[in-house]
Amino acid sequence: MHLLGSYFLASFCAKSLFFCLPACDRFACGPEGMNRGLVLRYMELSCLLLVPITPHTCEHVWGALLQKQGSVLRAGWPAAAEPDFIMQRAAQYIEGELRALEYLLCYWLYVVYEDA
């Protein structure tokens, strides 16, 4: 297997396994770096959602890292906005097209490139 092909396969697997982190970076980063408010909001929501599973850790994150007053156990469940179905369909279409492009690139690297 060609070195470029094995590198692409490794990065493709990493992207598939850890999709949330690259997606977060894609939306949270800009020319000036990561958006602090967005990262703190992500931490807050994650903390609220994980309270039933890891209450002690979430209590530490809530008080020490997020510097919120009171207990995370009394903070309540986060409220969600109404879903935007048009944006969901648009995002699914774009993700599908990106996935198809990745598969075509894999095909080119492993079939076309190896035969050349």
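**Close-ups of a predicted model**

**View 1. Lys 68, a partly exposed lysine in a loop.** At 31% relative accessibility, Lys 68 falls in the partly exposed class. This is a predicted model, so keep that in mind for every view here. Lys 68 pairs up with Glu 44 in a salt bridge, and their closest N and O atoms sit 3.4 Å apart. What does this pair tie together? Glu 44 belongs to helix α3 while Lys 68 is in the loop between α4 (55-65) and α5, so the bridge joins parts that are 24 residues apart in sequence.

**View 2. Glu 44 and Arg 41, partners within one helix.** Glu 44 also has a salt bridge to the side chain of Arg 41, at 3.7 Å from N to O. Here both residues come from helix α3 (residues 36-50), spaced 3 residues apart, or about one turn of the helix. Are the two buried or partly exposed? Glu 44 is buried, since its relative accessible area is 17% and the cut-off for buried is under 20%. Arg 41, with 39%, is partly exposed.

**View 3. The salt-bridge network, with Arg 41, Glu 44 and Lys 68 together.** Zoom out a little and you get a network of salt bridges linking Arg 41, Glu 44 and Lys 68. How many salt bridges does a search of the whole structure find? The count is 2. As a reminder of the chemistry, side chains of opposite charge can pair when their charged atoms come close.

**View 4. A nonpolar patch on the surface.** Now for something greasier: Tyr 93, Ile 94, Leu 98 and Leu 101 make a nonpolar surface patch of about 440 Å². Take Ile 94 as the example. Ile 94 sits in helix α5, which covers residues 85-115. With a relative accessible area of 49%, Ile 94 counts as partly exposed, because exposed is kept for values over 50%.

**View 5. The whole protein, for orientation.** Step back and the secondary structure adds up to 5 helices and 2 strands. Reading from the N terminus, the order is α-α-β-β-α-α-α. Of the 116 residues in the protein, 15% are buried, and Glu 44 from View 2 is one of the buried residues. The accessible surface is about 9400 Å², with 67% of that belonging to carbon and sulfur atoms. As for how the chain meets itself, take the contacts with a separation of 6 or more: 48% of them are between residues 24 or more positions apart.

Technical notes
Residues numbered from 1 in each chain as written. Predicted model: local features only at pLDDT ≥ 70, side-chain atom pairs only at ≥ 80, totals over all residues. Heavy atoms only, no water. Patch = residues over 30% accessible without salt bridge, like charges linked within 9 Å, V, L, I, M, F, W, Y side chains within 5 Å. Areas by Shrake-Rupley, 256 points an atom, 1.4 Å probe, with all protein chains shown as cover. Salt bridge = Lys/Arg side-chain N within 4 Å of Asp/Glu carboxyl O. Helix = DSSP H or I, 4+ residues; strand = E, 2+ residues; numbered from the N terminus. Buried < 20%, exposed > 50% of the residue type's maximum accessible area, 1.4 Å probe, protein only. Contact = heavy atoms within 4.5 Å.
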